[in-house]
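Reader: I have a model open and would like to go through it with you. Can we take it piece by piece?
Author: Fine. Here it is.

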Amino acid sequence: MRILVWGAAGAVGSRVTQEAVARGHQVTTVGRSGPVRGDAADPDDVARLSAGHDVVISATRPRPGSESELIAAAKGLLIGLRGSGVRLILVGGAASLIVPGTEVQLIDSPGFPVGLRPIALACNEQYDVVRAASGLDWTYVSPPALLEPGERTGRYREGYDHLVTDAHGNSTISMEDFAIALVDEAERAEHVRQRFTVGY
């Protein structure tokens with residue numbers, strides 16, 4: 001497959017790139033610096049760079065204080081890919097996932113860190129923008145509550161609108177295994193026009 005990765009220099013994007021290349025896919029990496037540069041918020045950039053690819057994986061993350069860039073990038077990607085036949089897999093946030101055993105979204109759960117609210121609210125708006133999109137096949141991937149660098153185990157469990165938790169109530173996955181889930185979705189297209197999440 002030909003896969004275009006936005007945010008390829010980031011923690012998740014770099015691991016997605018490594019995983020896809022290891023599986024033999026042809027990967028084009030896009031970032032704010034490097035040989036291929038582009039602005040995900042610019043539909044013309046998106047259309048130009050994604051031409052000839054099968055899948056676009058976006059793992060962009062704004063700097064603190066620039067959370068609105070997340071929504072602008074989602075809109076640019078959706079408009080730029082509309083009608084192209086190129087699938088979009090977009091890494092989102094966990095804040096809108098429902099805590100198991102409750103009807104409460106993670107962002108509204110007790111103890112949710114105040115410092116994470118700006119990016120969490122931006123991710124929720126990003127998800128709303130994606131759900132309203134038409135004219136392309138998209139997949140929105142929410143990470144678990146905790147996503148950190150770690151071990152590549154090759155295992156994960158899937159969920160949809162609820163946090164995936166283990167027997168102790170922990171919701172976590174390594175970035176390495178999260179990258180596996182993203183490339184698996186690129187290969188299998190099992191969640192077209194759906195949101196899904198993963199965890200151990």
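Reader: Which residues of α4 are buried?
Author: This is a predicted model. In α4, the buried residues are Ala 120, Ala 122, Cys 123, Asn 124, Gln 126, Tyr 127, Val 129 and Val 130.

Reader: What do the buried residues of α4 pack against?
Author: Their partners are α3, β4, β5 and β9, the last of these being residues 194-199.

Reader: And what span should the 15 residues of α4 have?
Author: At 1.5 Å a residue, α4 should span 21 Å. Its end C-alpha atoms are 21 Å apart, so the model agrees with the expected value.

Reader: Now the sheet. What is the strand order?
Author: The order is β2-β1-β3-β4-β5-β9-β7 in an open sheet of seven strands, and the pairing is mixed. The edges are β2 (26-30) and β7 (157-159), each of which pairs on one side only. From one strand to the next the twist averages 25°.

Reader: Which helix packs on the sheet and touches β1, β2 and β3?
Author: That is α2, residues 43-50, and its direction makes about 150° with that of β1. Another helix, α3 (residues 68-81), lies across β1, β3 and β4, where β4 is 87-91. The angle of α3 to β4 is about 170°.

Reader: In what sense do β1 and β3 pair?
Author: Parallel, over four bridges, with β1 covering residues 2-6 and β3 covering residues 55-58. Within that pairing, Ile 3 stands opposite Val 55, and Val 5 stands opposite Ile 57.

Reader: How many bridges join β3 and β4?
Author: Four, and the sense is parallel. On the β4 side, Arg 87 is the bridge partner of Val 55.

Reader: Which way do the β3 side chains point, and are they buried or exposed?
Author: Val 55 and Ile 57 point one way, while Val 56 and Ser 58 point the other way. All four are buried.

Reader: On to the cores. Which residues touch the most other members of the largest nonpolar core?
Author: Trp 6, Val 56, Leu 77 and Leu 88, in a core of 26 residues. The elements giving two or more residues to this core are β1, α2, α3, β4, α4 (117-131) and β5 (138-142). Of these, α3 gives the most, with seven residues.

Reader: What is Trp 6 in contact with, leaving aside its neighbours within four places in sequence?
Author: The contacts are Val 30, Gly 38, Asp 39, Ala 40, Val 46, Leu 49, Val 56, Ile 57, Ser 58, Ala 59, Thr 60 and Leu 77. Apart from the core of 26 residues there is another core, of 24 residues. Among the residues in that other core are Ile 57, Ile 173, Ala 181 and Tyr 200.

Reader: Different topic. Where is Leu 97?
Author: In the loop between β4 and α4.

Reader: Why does Leu 97 count as buried?
Author: Because its relative accessibility is 0%, and the cut-off for buried is under 20%. Leaving aside neighbours within four places in sequence, Leu 97 has contacts including Ser 142, Pro 143, Tyr 160, His 162, Arg 195 and Thr 197. Leu 97 and Pro 143 are 46 residues apart in sequence, and their C-alpha atoms are 9.4 Å apart in space.

Reader: Now backbone oddities. What is phi of Ala 189?
Author: Near 50°, which is a positive value in a residue other than glycine. Ala 189 lies in the loop between α5 (175-188) and β9. Arg 193 is in the loop between α5 and β9 as well, and its phi is near 55°, again positive in a residue other than glycine.

Reader: Why does Arg 193 count as partly exposed?
Author: Because its relative accessibility is 45%, and partly exposed runs between the 20% and 50% cut-offs. Ala 189 is also partly exposed, with a relative accessible area of 30%.

Reader: Last one. Which residues does UniProt list for the NAD(P)-binding domain?
Author: The UniProt record, an unreviewed entry, lists residues 7-185 for "domain: NAD(P)-binding". Over that range the model is 34% helix and 16% strand. The end C-alpha atoms of the range are 18 Å apart.

Key
Residues numbered from 1 in each chain as written. Predicted model: local features only at pLDDT ≥ 70, side-chain atom pairs only at ≥ 80, totals over all residues. Heavy atoms only, no water. Pairing = 2+ DSSP bridges. Axes fitted to C-alpha atoms, helices over the stretch in contact; angles between N-to-C directions. Contact = heavy atoms within 4.5 Å. Core = buried A, V, L, I, M, F, W, Y, C linked by side-chain atoms within 4.5 Å. Buried < 20%, exposed > 50% of the residue type's maximum accessible area, 1.4 Å probe, protein only. Expected span 1.5 Å × (residues − 1). UniProt positions renumbered as here; feature names shortened; annotations may be inferred.
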